[in-house]
Each structure stands twice: as structure tokens, then as C-alpha cells.
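Visitor: Hi! I have a structure open and could use some help reading it. Can we start with the pockets?

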Amino acid sequence: MRSLVLHPDIQSDRNRRGPEFALDEAVALAAALPDLEVVGADVVRLPRAQPGLLFGKGKIEELAQRIEAEEIGLVLIDGPVTPVQQRNLEKRWGCKLLDRTGLILEIFADRAATREGVLQVELAALSYQRTRLVRAWTHLERQRGGLGFVGGPGETQIEADRRAIDEAVTRIKRQLQKVVKTRALHRSARKKVPYPIVALVGYTNAGKSTLFNRLTGADVMAKDMLFATLDPTMRAVTLPDGTDVILSDTVGFISDLPTQLVAAFRATLEEVLDADLILHVRDISHPETTEQAGDVEAILSELGVSETAPQIDVWNKLDRLDAAGAEARRTEAERQPDVFAVSALTGDGLEPLLAAVADRVSAPRHTARVDLAHSEGRKRAWLFEQGVVEDEEPGKDSTILQVNWTARQERAFRQL
């Protein structure tokens with residue numbers, strides 16, 4: 001579908017970003033959907049948003065002529081559009097319109113692969129659609145007949161649609177509860193594996209999946225596009241010093257992330273909540289890398305993650321800078337604690353980063369004596385699998401093992 005991307009640069013908005021960078025990101029969002037062909041992209045400067053039409057009448061007429069001449073079927077507005085504005089603009093332009101939230105929901109719906117991811121997207125989309133029923137039914141006086149068993153006689157069509165959405169939301173929430181229970185079982189099983197969890201987080205397209213693939217040898221989708229990764233992926237990794245960790249790749253964050261998705265993907269980000277260490281991956285070559293980092297920190301804080309785990313900043317994509325720029329970033333990173341400049345693509349700078357990860361997650365060990373009955377073969381096998389047994393003294397009724405383990409391993413053992 002031929003599409004036009006518009007970024008409204010509203011002068012009265014104190015929190016607005018650089019319009020050119022914002023437009024580039026909006027075009028990249030559109031490019032993340034395979035069926036869209038972006039044939040034009042413009043910044044539209046506005047003193048303030050017009051309540052019913054967003055843009056001024058002159059600009060609307062100018063855009064209407066362009067939309068007709070270029071046979072554009074979809075206009076993407078990089079920002080919030082009210083249901084009334086959407087209805088009015090679609091009528092004036094004779095084409096479909098999507099705002100930023102709607103576009104991100106479309107991308108998530110296209111990419112979600114796991115059962116939970118699909119359900120979370122459906123839930124977020126229904127919450128979004130419920131607020132926009134006004135555009136689908138301009139004739140609100142239309143009434144639906146009935147015998148009064150469902151919805152009552154005289155129920156308007158919009159009320160029927162809203163009720164149908166509410167019923168669908170209830171059904172999806174029930175299904176999600178089952179999925180969450182399954183995830184809780186998987187999570188409790190992982191806790192018995194005494195490996196620290198290291199979670200990769202960051203702005204979308206910061207290079208998390210490329211770093212994940214380099215460290216794990218996995219083949220996770222890693223493309224130069226926004227939201228290449230939606231569902232969390234986990235792999236066991238042995239660090240250079242022999243420390244075993246579980247590495248988790250997560251969905252990328254973005255500025256103005258729709259509130260429906262922050263709430264809906266809270267469960268998807270549970271892996272981050274459980275993490276022992278967070279690697280905040282940043283695209284250090286991006287002109288707005290500082291603002292992007294601020295967006296990530298804000299979402300982590302909203303999720304309650306900031307206080308739960310230590311964090312290392314990974315300044316990625318050195319390969320996109322010239323030699324002088326890359327060297328300047330390396331020098332800047334070296335002057336700060338817990339900051340490492342790397343290129344996940346080339347492997348540059350990964351050795352000191354991995355050493356720091358090992359240092360953070362390698363817990364102190366202590367020795368203990370464990371008395372196991374001969375019938376507790378499973379526990380004995382588990383201890384040997386962990387490589388913590390230093391000595392073994394067979395006895396008549398039991399075996400005494402001398403172990404050297406971490407507090408995490410001890411807790412996992414007690415839960416067996």
C-alpha cells in the first residue's frame with residue numbers, strides 16, 4: 001500500500017524531539033511493515049494542534065491534493081490522533097489513517113510469534129479500538145433490534161460493538177492467566193538452575209539481537225529495522241572465565257510507547273524483572289542516543305526494574321563511527337564506571353565487557369558438607385552436574401559430600 005508519513009511538529013509541545021530525527025524514526029517504523037511502500041515523508045510545523053482536524057484547513061487541502069495525485073492509500077501520523085480527528089481526516093482525504101500507536105500495534109501484530117505475544121497484542125489492540133469506535137459508526141442514532149435477552153432493546157450499534165470488545169478482552173485475559181501460570185512454572189524451574197540471568201534491554205534497533213547472536217551463536221532475527229525482536233529469547237552462555245549465565249534478548253523500547261503496550265508487555269518483560277544484571281545496549285552512533293537512553297530508563301523505572309538489578313551501559317555500533325569518533329567514544333566510556341564501548345557487529349570491545357559481566361555475576365563461594373542418603377541420587381547427580389563437589393566420603397547409610405558453591409546454588413539445591 002502506498003503510504004505518506006507525516007510528523008506534526010507542534011510548537012506548543014515543550015517535550016517535542018528534533019523533527020527530522022523523529023520523522024526518520026517514523027519512516028523506519030513504517031518500513032518495518034512489509035506491505036507498506038513509503039512514497040513520501042514530511043514534517044508539518046504547527047503552532048498548536050487543531051481540536052477537530054489536527055492540521056489547519058489550508059494544509060489539509062494541500063495534502064488532499066497530494067494524496068489524490070500520488071494515489072496514496074494510507075497516511076501515517078507520527079503522533080497521537082484523537083478518534084474525532086481520525087474520522088474527520090479520513091473523510092477529507094478519502095484514505096485510511098493510522099497514528100503512531102496504531103502503527104506500532106500493527107507492527108507488533110505482524111511480528112508476535114509466541115502464544116503470549118499474540119494474546120498481548122490482541123489485548124492492546126482491543127483496548128485501543130475501544131476508544132475509537134466513534135470513527136466506525138458516525139450514525140450513532142442507528143439502533144439494533146432485539147428481544148432484550150442480550151444488551152436490551154434499543155441498544156445502539158456502538159454499544160453493541162463496545163460490549164463485544166469487552167467480552168473479547170475478558171476472554172483473552174482468561175487465556176493470558178493460563179499462559180502466565182505456565183511462564184511462572186518455567187521461571188521457578190529456571191530458578192533451580194543456579195545460573196545468573198543477564199538481560200539485554202535498549203531502544204529498538206540498538207543492536208541487542210546482533211550482540212545476542214554474537215555471544216550465543218544463536219540465529220535470532222537481527223535486522224536494521226525497528227522492532228526486529230518482539231518475543232523474549234533466552235540462551236545459556238559460558239563467559240570466557242567459565243561462568244555460566246542465561247542471556248535474555250528482549251523487545252526494544254521506543255519513545256512515546258503506547259500505554260496499552262507498556263501494560264500489555266509487562267509480562268513479556270518479566271525476564272528483565274528477574275535479571276541479576278541488565279545490559280543497557282545503546283546505539284551510540286545515533287544523533288539522539290541520549291534521548292533514547294532516557295526513554296529506556298523511564299520505561300524501566302515504570303516497570304520497577306531500575307531498583308532490582310545492577311546495570312552496565314553498552315555503547316554499541318562503534319563500527320558506524322569514523323576512526324576519530326570511535327576513539328572519542330572509547331575514551332569517554334573508559335572514564336565512567338560500568339560503561340563499555342563496543343561493536344556487536346565486529347566484536348570490537350567485547351572482551352572487557354564480558355570480563356565485567358563475569359565480575360558482576362560471579363557470586364562469592366563458600367564450602368559446606370552435605371549429608372545425602374543413598375536414596376537421594378538425583379540430588380547427588382545435580383551437585384556433580386554443577387561442578388561444586390570437592391570431596392566425597394561414602395558411608396554405610398549416607399554419603400557426605402564437601403561442596404564449594406554460591407548462595408544461589410545452595411538455594412537451588414534446597415529446593416530440589
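Guide: Sure! This is a predicted model. In the largest pocket, β1 gives the largest share of the lining, with 4 residues.

Visitor: Which other elements give two or more residues to that lining?

Guide: Besides β1 (2-10), the elements that do so are α1 (19-31), α4 (100-111) and α11 (289-303).

Visitor: And how many residues line the largest pocket, and which lie nearest its centre?

Guide: The lining is made of 29 residues. Nearest the centre you will find Asp13, Asp78, Gly79, Pro80 and Asp256.

Visitor: How do the lining residues divide into nonpolar, polar and charged?

Guide: There are 11 charged residues, 10 nonpolar ones and 8 polar ones in the lining.

Visitor: How much space lies in the largest pocket?

Guide: About 650 Å³.

Visitor: Okay, new topic: backbone angles. Which sign does phi have in most residues other than glycine?

Guide: Most residues other than glycine have a negative phi. Leu54 is not a glycine, yet its phi is positive, at about 70°.

Visitor: Where is Leu54 found?

Guide: Look in the loop between β2 (37-46) and α2 (57-69).

Visitor: Is Leu54 buried or exposed?

Guide: Leu54 has a relative accessible area of 3%. Buried means under 20%, so Leu54 counts as buried.

Visitor: What about Lys317, what is its phi?

Guide: Lys317 has a positive phi of about 70° too, although it is not a glycine. You can spot Lys317 in the loop between β11 (311-316) and α12 (323-334).

Visitor: And why does Lys317 count as buried?

Guide: Because its relative accessibility is 9%, and the cut-off for buried is under 20%.

How values were computed:
Residues numbered from 1 in each chain as written. Predicted model: local features only at pLDDT ≥ 70, side-chain atom pairs only at ≥ 80, totals over all residues. Heavy atoms only, no water. 1 Å grid on protein atoms, 1.4 Å probe; cavity = no way out; pocket = protein on both sides within 12 Å on 5 of 7 lines; lining within 4 Å. Points joined across faces, edges and corners; volume = space filled by probe spheres on them. Nonpolar A, V, L, I, M, F, W, Y, C, P; charged D, E, K, R; others polar. Buried < 20%, exposed > 50% of the residue type's maximum accessible area, 1.4 Å probe, protein only.
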